[in-house]
Each structure stands twice: as structure tokens, then as C-alpha cells.
Amino acid sequence: LSPSSGLTHESHRKDVEQVYLRCSEGSIEWMYPTGALIVNLRPNISPASYKHLTVCIKPFKDSAGANIYLEKTGELKLLVRDGERSPSRVYCFGYDQGGLFVEATPQQDISRKITGFQYELMSKGIAADLHTASAPCRPCSDTEVLLAVCTSDFVIRGSIQNVTNEAEEQESIIHVGVNKLYRQKSKVFQLTGESGNWRGQIKTLLECGVKPGDGDFLFTGRMHFGEARLGCAPRFKDFQRMYKEAKDKGLNPCEIGPD
């Protein structure tokens with residue numbers, strides 16, 4: 001969504017424009033910001049479900065010209081300060097904590113400013129999976145792995161071909177060679193080259209210290225702002241063991257199909 005340009009009402013610097021968004025994910029781009037925007041997220045679900053939602057926003061890398069606040073009953077809480085440079089930083093809050101208030105900052109030359117961000121609405125449970133504040137690199141338990149197989153956006157058997165570390169963004173990119181694709185929500189893993197091998201990339205935190213290694217893993221995770229984010233990733237032989245034990249006891253939450 002691109003609200004009207006600030007240049008069209010240069011003389012009305014105090015104007016407040018309201019926008020209403022029905023989609024569960026998307027982006028806003030505000031060119032030459034003046035005045036303010038009130039962003040109303042109104043997903044096409046029952047209002048009774050709003051309390052179970054988390055909102056996440058990810059500012060564009062070159063976003064500038066406005067502060068982004070969380071607003072509730074007239075009170076403003078600063079989320080993103082104009083000019084703040086935190087690559088890949090994601091800001092999340094409960095839907096019931098308020099809405100977004102985007103206020104332009106005074107500029108000598110607004111023609112060079114564009115404020116923008118991506119947004120996603122998701123259930124609080126999924127958001128907790130993506131933003132585990134405590135021990136984000138902790139290995140998953142057997143129960144967590146088996147549940148991840150059922151609920152993740154992607155589930156693959158593969159090997160780590162390479163790992164690229166991005167110090168500025170505090171992230172690692174895992175380059176994965178896919179041996180078997182069980183499920184993927186988006187086409188992150190694709191056939192490449194004449195050899196017909198499936199490959200893809202998964203992101204995780206730099207602090208987790210992922211390194212290339214031998215052997216196959218079961219990679220699970222979720223899509224977040226168009227990127228695959230790593231969830232549980234046990235060695236495949238360990239997954240086979242826990243899956244067989246649960247299946248023998250009738251406790252596996254879902255079937256994954258043949259190896």
C-alpha cells in the first residue's frame with residue numbers, strides 16, 4: 001500500500017491520514033512524508049480472535065522521514081526512531097497493545113525521504129517460536145521436533161553445503177542441499193542447475209554458531225517476511241529414532257510419510 005505523497009499537501013503538515021489494511025501481511029510505503037498516518041490493521045477474521053494475534057513490522061533498510069509509534073487511547077510508545085539503522089530488525093507487539101501511528105519528522109527536503117515497512121499478523125504461538133527470547137539456540141526436545149514436523153512452513157531432509165555469516169545483521173545463512181522435500185509453504189527450495197539438485201537458504205541467529213558439517217539433518221522452520229527461518233533441526237538419524245519410538249507408542253502427532 002502506498003498512501004498519498006506528502007508533496008500533494010505540503011501546506012498541511014499537521015494532516016493525519018487513516019489507512020485500513022485487511023491483509024494478514026503486506027507493506028506500506030509513504031513517499032515524502034508530512035503530517036501523520038494512522039495504520040489500522042483489520043484482518044478478515046472474527047474480532048474475538050484479535051487478542052490472539054501478534055503484529056510484527058520490519059522497516060525497509062533505507063526507510064527515513066518518520067517515527068513509528070505504537071498508539072493506544074492517545075498514548076504513544078516509540079517503536080522505530082527516524083534514522084535508526086538496525087538491518088533486519090523486527091519489532092513485534094500484541095494486536096491488543098495498540099495500533100501504528102507513523103509521524104513525519106521535520107525535514108528541510110522531504111523529496112528525498114521515503115518511509116516504509118513490511119508487516120505480518122500471526123498467532124501469538126507462531127510469533128513465540130520465531131522470537132524465543134530465552135535460549136534461542138537451544139536444541140529442541142523430542143516432543144518439540146515431532147510437533148515442528150506437523151506445524152512448520154517447511155520440512156526437509158538435507159545437508160549443510162555452506163554457511164555465510166553476516167556480522168552487520170547478526171545472522172547466518174545456511175546453504176542447504178535438499179535430499180527430500182516433505183513440505184514447503186513458499187518456493188524457497190528450488191531445483192537449480194542442470195544437475196537437478198534442490199537447494200535453498202535458511203536464516204538463523206549468528207550467535208547460534210552454525211557450521212558446515214557432514215551428514216543429513218531434518219530442517220524445519222517458518223517463513224517470516226519472505227525468508228525461511230530455522231526452527232528445530234535435529235540430525236536425521238536422531239529424528240528417525242524419535243519418530244519410530246513415538247509411532248510405536250501411537251504418540252506421533254502426525255505422519256510425515258516415507259523416508
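## Helices, sheets and a core

Trainee: Which residues in helix 3 do Asp142, Val145, Leu146 and Val149 in helix 2 meet?
Mentor: Keep in mind that we're looking at a predicted model. Helix 2 covers residues 142–151 and helix 3 covers residues 236–248. The residues of helix 3 that those four meet are Phe239, Arg241, Met242, Tyr243 and Ala246.

Trainee: At roughly what angle do the axes of helix 2 and helix 3 cross?
Mentor: For two packed helices, we quote the angle between their axes and the distance between the axes. The distance here: the axes of helix 2 and helix 3 come within 10 Å. Angles of 65 to 115 degrees count as roughly perpendicular, and helix 2 and helix 3 are therefore roughly perpendicular to each other. The crossing angle is roughly 85°.

Trainee: Let's zoom out. How many helices and strands does the protein have?
Mentor: The protein is 259 residues, and 39% of them are buried. Among contacts with a separation of 6 or more, 66% link residues 24 or more positions apart. As for the count, the protein has three helices and 15 strands.

Trainee: In what order do the five strands of the open sheet with mixed pairing sit?
Mentor: Strands of a sheet pair through backbone hydrogen bonds, either parallel or antiparallel. In this sheet the pairing is mixed, and the strand order is 1-3-8-5-6.

Trainee: Which strands stand at the edges there, each with a single partner strand?
Mentor: Read the two ends of the order 1-3-8-5-6. Each edge strand has a single partner, so one side of each is left without a neighbour in the sheet. From one strand to the next, the twist averages 30°. The edge strands are strand 1 (16–21) and strand 6 (75–80).

Trainee: Do strand 1 and strand 3 run parallel or antiparallel, given the six bridges that join them?
Mentor: Take one bridge as a landmark: valine 16 has alanine 36 in strand 3 as its partner. For contrast, strand 3 and strand 8 (residues 99–104) run antiparallel, with four bridges between them. The six bridges between strand 1 and strand 3 join strands that run parallel.

Trainee: Which residue in strand 8 stands opposite isoleucine 38?
Mentor: Start from strand 3, which spans residues 36–41 and has five of its six residues buried. Position 38 lies within that range. Opposite isoleucine 38, in strand 8, stands phenylalanine 101.

Trainee: At the other end of the sheet, how many bridges join strand 5 to strand 6?
Mentor: Strand 5 spans residues 66–72, and strands 5 and 6 run antiparallel. One pair to look for is glutamate 71, opposite leucine 76 in strand 6. The number of bridges is five.

Trainee: Which residues touch the most other members in the largest nonpolar core?
Mentor: That core holds 25 residues. Val39 gives you a feel for it: leaving out residues up to four places away in sequence, Val39 touches Val19, Leu21, Ile28, Gly99, Leu100 and Val102. The residues with the most core partners are Val39, Leu41, Ile57, Leu100, Val102 and Phe117.

Trainee: What is the order of strands in the open sheet of four?
Mentor: The pairing in this sheet is antiparallel. Strand 2 (25–31) and strand 7 (91–94) each have a single partner strand, so they stand at the edges. The twist averages 20° from one strand to the next. Put together, the order is 2-9-4-7.

Trainee: Which residue in strand 9 is the bridge partner of tryptophan 30?
Mentor: Strand 2 pairs with strand 9 (residues 114–123) over seven bridges, in the antiparallel sense. Right beside tryptophan 30, methionine 31 stands opposite isoleucine 114. The partner of tryptophan 30 is threonine 115.

Trainee: And how many of the ten residues of strand 9 are buried?
Mentor: Strand 9 also pairs with strand 4 (residues 53–59) over seven bridges, and valine 55 has leucine 121 as its bridge partner there. Strand 9 is largely enclosed by the rest of the structure, because its buried residues number seven.

Trainee: Is phenylalanine 225 buried or exposed?
Mentor: Phenylalanine 225 has a positive phi near 50°, and its place is the loop between strand 14 (217–224) and strand 15 (227–230). Buried means under 20% relative accessible area. At 8%, phenylalanine 225 therefore counts as buried.

Conventions
Residues numbered from 1 in each chain as written. Predicted model: local features only at pLDDT ≥ 70, side-chain atom pairs only at ≥ 80, totals over all residues. Heavy atoms only, no water. Buried < 20%, exposed > 50% of the residue type's maximum accessible area, 1.4 Å probe, protein only. Contact = heavy atoms within 4.5 Å. Pairing = 2+ DSSP bridges. Axes fitted to C-alpha atoms, helices over the stretch in contact; angles between N-to-C directions. Core = buried A, V, L, I, M, F, W, Y, C linked by side-chain atoms within 4.5 Å. Parallel < 35°, antiparallel > 145°, perpendicular 65-115°, else oblique.
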